[in-house]
Amino acid sequence: MEPKFAYITVYCKDVTKSVDFYSKAFGLKVRRIDNARKWAELDTGSTTLAFTPLEQHETAITGGVQTASKDEPRHNVEISFSYQDVDAAYEHAVRAGAVSVAKPEEKKWGQKVGYVRDIDGVMIRLGSYVHEP
């Protein structure tokens with residue numbers, strides 16, 4: 001039995017505000033938000049980006065959540081989105097409230113990449129599609 005990647009969960013301060021931010025900044029569509037506003041899902045195409053509060057019950061079981069500070073180095077996981085026009089996506093995200101980390105630049109492997117942080121400090125990579133030769 002092979003696993004299927006289900007979703008990434010972002011622990012956040014306010015589910016409604018995070019969903020609104022990601023919808024506006026990155027153009028993601030809301031799949032669902034529960035009535036208690038303690039779980040939400042955004043459709044990314046290939047998988048789901050989910051949101052739940054920092055104090056969600058499971059965090060007591062797994063040892064809590066460490067949030068990122070907007071001025072510290074990134075944590076060991078980042079969210080990545082691919083765009084045809086990375087410059088436009090970057091500018092749009094910043095206008096929607098993302099914190100600029102690094103403006104898009106061409107990388108030696110032929111991809112254009114820029115970085116922002118979300119409203120809770122999560123690092124987000126905006127990159128062009130990588131085309132194999």
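This is a short talk on the fold of one protein, with a closer look at one sheet and one helix.

Good morning, everyone. A caution before we start: what you see is a predicted model.

Let's begin with the overall picture. The protein has 133 residues, and 35% of them count as buried. How many helices and strands does the protein have? There are 3 helices and 8 strands. Follow the chain along the sequence and you get the pattern β-α-β-β-β-α-β-α-β-β-β.

Now the contacts. Take those with a separation of 6 or more: 51% of them join residues 24 or more positions apart. Then the outside. The accessible surface is about 8500 Å². Carbon and sulfur atoms make up 51% of that surface.

Next, the sheet. Please find the open sheet of 4 strands. In what order do its strands lie? The order is 1-4-3-2, and the pairing is mixed. Which strands sit at the edges? They are strand 1, residues 7-12, and strand 2, residues 29-33. Each of these two pairs on one side only. From one strand to the next, the twist averages 25 degrees.

Look now at strand 3, residues 40-43, and strand 4, residues 48-53. These two pair in the antiparallel sense, over 4 bridges. Here is one spot to find on screen: Glu 41 stands opposite Ala 50 of strand 4.

A helix belongs to this picture too. Helix 1 packs on the sheet, where it touches strands 1, 2, 3 and 4. Compare directions: helix 1 makes about 150 degrees with strand 4.

On to helix 3. This helix covers residues 86-95. Which of its residues are buried? Val 86, Ala 89, Tyr 90 and Ala 93 are. Why do we say that they line one face of the helix? Look down the axis of helix 3: the buried residues fall within an arc of 100 degrees, so they share one face.

What does that set of buried residues pack against? One partner is helix 1, residues 15-26. The others are strand 5 (79-83), strand 6 (99-106), strand 7 (112-117) and strand 8 (123-128). So helix 1 comes up twice: it packs on the sheet, and it meets the buried residues of helix 3.

Last, the two ends of helix 3. At the start, look at Asp 85. One of its side-chain oxygens comes within 3.3 Å of the backbone nitrogen of Asp 87. After the helix comes Gly 97. Its phi is positive, near 115 degrees.

That's my tour. Thank you.

Methods:
Residues numbered from 1 in each chain as written. Predicted model: local features only at pLDDT ≥ 70, side-chain atom pairs only at ≥ 80, totals over all residues. Heavy atoms only, no water. Buried < 20%, exposed > 50% of the residue type's maximum accessible area, 1.4 Å probe, protein only. Arc of directions from axis to C-beta. Contact = heavy atoms within 4.5 Å. Polar contact = N/O pair within 3.5 Å; in protein donor to acceptor, adjacent residues only side chain to side chain. Pairing = 2+ DSSP bridges. Axes fitted to C-alpha atoms, helices over the stretch in contact; angles between N-to-C directions. Areas by Shrake-Rupley, 256 points an atom, 1.4 Å probe, with all protein chains shown as cover.
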